[in-house]
Amino acid sequence: MASPPVAVTAQPPRDFGPNVTVLELNAQMRAVMTIIRSEGCSFETFRFYADRIVRFVVESGLAQVPYIDETITTPTQSEYPGLKFGAKLCGVSIVRAGESMETALMQCCRAIRIGKILIQRNEETAEPTLYYSKLPQDIHRRTVLLLDPMLATGGSAAKAIEVLLEAGVDEASIVFLNIISCPEGLEHLTSTFPKIKVVTAEVDSHLDGKKYIIPGVGDFGDRYFGTDLFDYKQERSSQVVNPSSPTHSRKSE
């Protein structure tokens, strides 16, 4: 018999420093988050509403990149003192879940270059391992929007940032865009890389003993791409999860 849901008490807002932006969700976005978090949400519904919250986060993240003044002339032959991007941009997705955020970024920024980094967690050592990276050759001259919808332990994101730094990207030129995070992951990232910027839609309560975000959303990548084998069992359950089984999907880090 399945264990009943565990009630998670709402946590008061925490200050993770000036470089972490936790978005203020209006009623509409709270409703969207409620839909995608539900275990009864279908694949089609999850993808549709996940795209909406991703677009919201991407738009908010673009406010964190450099801008410079630009004055243009309108069709009324009047001057308008505006802004334009002050740096070349690049998106880098952490495969696979991060790829769900690429479309929104490309819809906001025409012809933006997209790099990819594949990192998986070693189930024996619990350490993230880099398997693949493909980045634009001039990435060291760009402001990088790092894409991953879930931030749990922060291991994968930290490894991806290391890859970017090795490629010559300035730490202060990295903006990490994220849908759901937790205090443990945010503290890890901000203490290890104090100059990066983080934009997240919501900060959840905590990680459980299996390093799942609570209350969380399950495996974002599997649910978004329709390969959902997520079989989370609460810690108090007596069932043992075999790490080598298909249902033991990679936890978003």
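The following exercises, each with a worked solution, concern the predicted model shown above.

Residues are numbered from 1 along each chain as its sequence is written, and side-chain values use heavy atoms, with hydrogens and water left out. Because the model is predicted, local features need pLDDT of at least 70 and side-chain atom pairs count only at pLDDT 80 or more, while totals for chains, interfaces and linings use all residues.

**Exercise 1. Strand β9 and its partners**

Task: Determine which strands pair with β9, and how many residues of β9 are buried.

Solution.

Step 1. Helices (H or I, at least four residues) and strands (E, at least two) are DSSP runs, numbered from the N terminus. Strand β9 spans residues 197–203.

Step 2. Two strands pair if DSSP finds at least two bridges between them. Strand β1 (residues 20–22) is parallel to β9 and is joined to it by 3 bridges. In this pairing V20 stands opposite V198.

Step 3. Strand β8 (residues 174–181) also runs parallel to β9, with 6 bridges between the two. Here N178 has T200 as its bridge partner. From β8 the chain passes through helix α5 (residues 183–192) to β9, a right-handed β-α-β crossover. Right-handed means that, with the strands pointing away from the viewer, the path from the first strand over the helix to the second runs clockwise.

Step 4. Buried means under 20% relative accessible area, exposed over 50%, and partly exposed in between (1.4 Å probe, protein chains only). Of the 7 residues of β9, 5 are buried, so the strand is largely enclosed by the rest of the structure.

Step 5. V203 belongs to β9 and is partly exposed, at a relative accessible area of 28%. Contact means heavy atoms within 4.5 Å. Leaving aside neighbours within four places in sequence, V203 is in contact with F16, V22, S181, C182, P183 and L186.

**Exercise 2. The two sides of helix α1**

Task: Identify which residues of α1 are buried, which residues are exposed on the face turned away from them, and what covers the buried side.

Solution.

Step 1. Helix α1 covers residues 27–37, and its buried residues include M29, V32, M33, I36 and R37. They lie on the same side of α1, because they cover an arc of only 130° around the axis. The arc is that of the directions from the helix axis to the C-beta atoms.

Step 2. A general rule helps here: an α-helix has 3.6 residues a turn, so residues three or four places apart point the same way.

Step 3. On the face turned away from the buried side, A27 and T34 are exposed.

Step 4. The cover over the buried residues of α1 includes α2 (43–61), β8, β9 and α6.

Step 5. Helix α6 (residues 220–225) contains R223, which is buried with a relative accessible area of 8%. Beyond its neighbours within four places in sequence, R223 has contacts that include I36, R37 and F46.

**Exercise 3. The nonpolar cores**

Task: State how many residues the largest nonpolar core has, and which element gives the most to it.

Solution.

Step 1. A nonpolar core is a set of buried Ala, Val, Leu, Ile, Met, Phe, Trp, Tyr and Cys residues joined through side-chain atoms within 4.5 Å.

Step 2. The largest such core has 37 residues, and F46, I53, V57, L105, L145, L177 and I179 have the most contacts inside it. At least two residues each come from α1, α2, α3 (102–108), β7 (143–147), β8, β9 and α6. Helix α2 gives the most, with 6 residues.

Step 3. Another core lies apart from this one; it has 25 residues, among them I94, I117, V144 and I174.

**Exercise 4. Backbone exceptions**

Task: Find which peptide bonds are cis, and where Q77 and A111, with their positive phi, are found.

Solution.

Step 1. Most residues other than glycine have a negative phi, and most peptide bonds are trans.

Step 2. The peptide bond from V95 to R96 is cis, with omega near 10°; R96 is in the loop between β4 (89–95) and α3. The bond joining I214 and P215 is cis too, with omega about 5°; P215 lies in the loop between β11 (213–214) and α6.

Step 3. Q77 is not a glycine, yet its phi is positive, about 60°. Q77 is in the loop between β2 (67–73) and β3 (79–85) and is exposed, at 66% relative accessible area.

Step 4. A111, also not a glycine, has a positive phi of about 65°. A111 is in the loop between α3 and β5 (113–121) and is exposed, at 77%.
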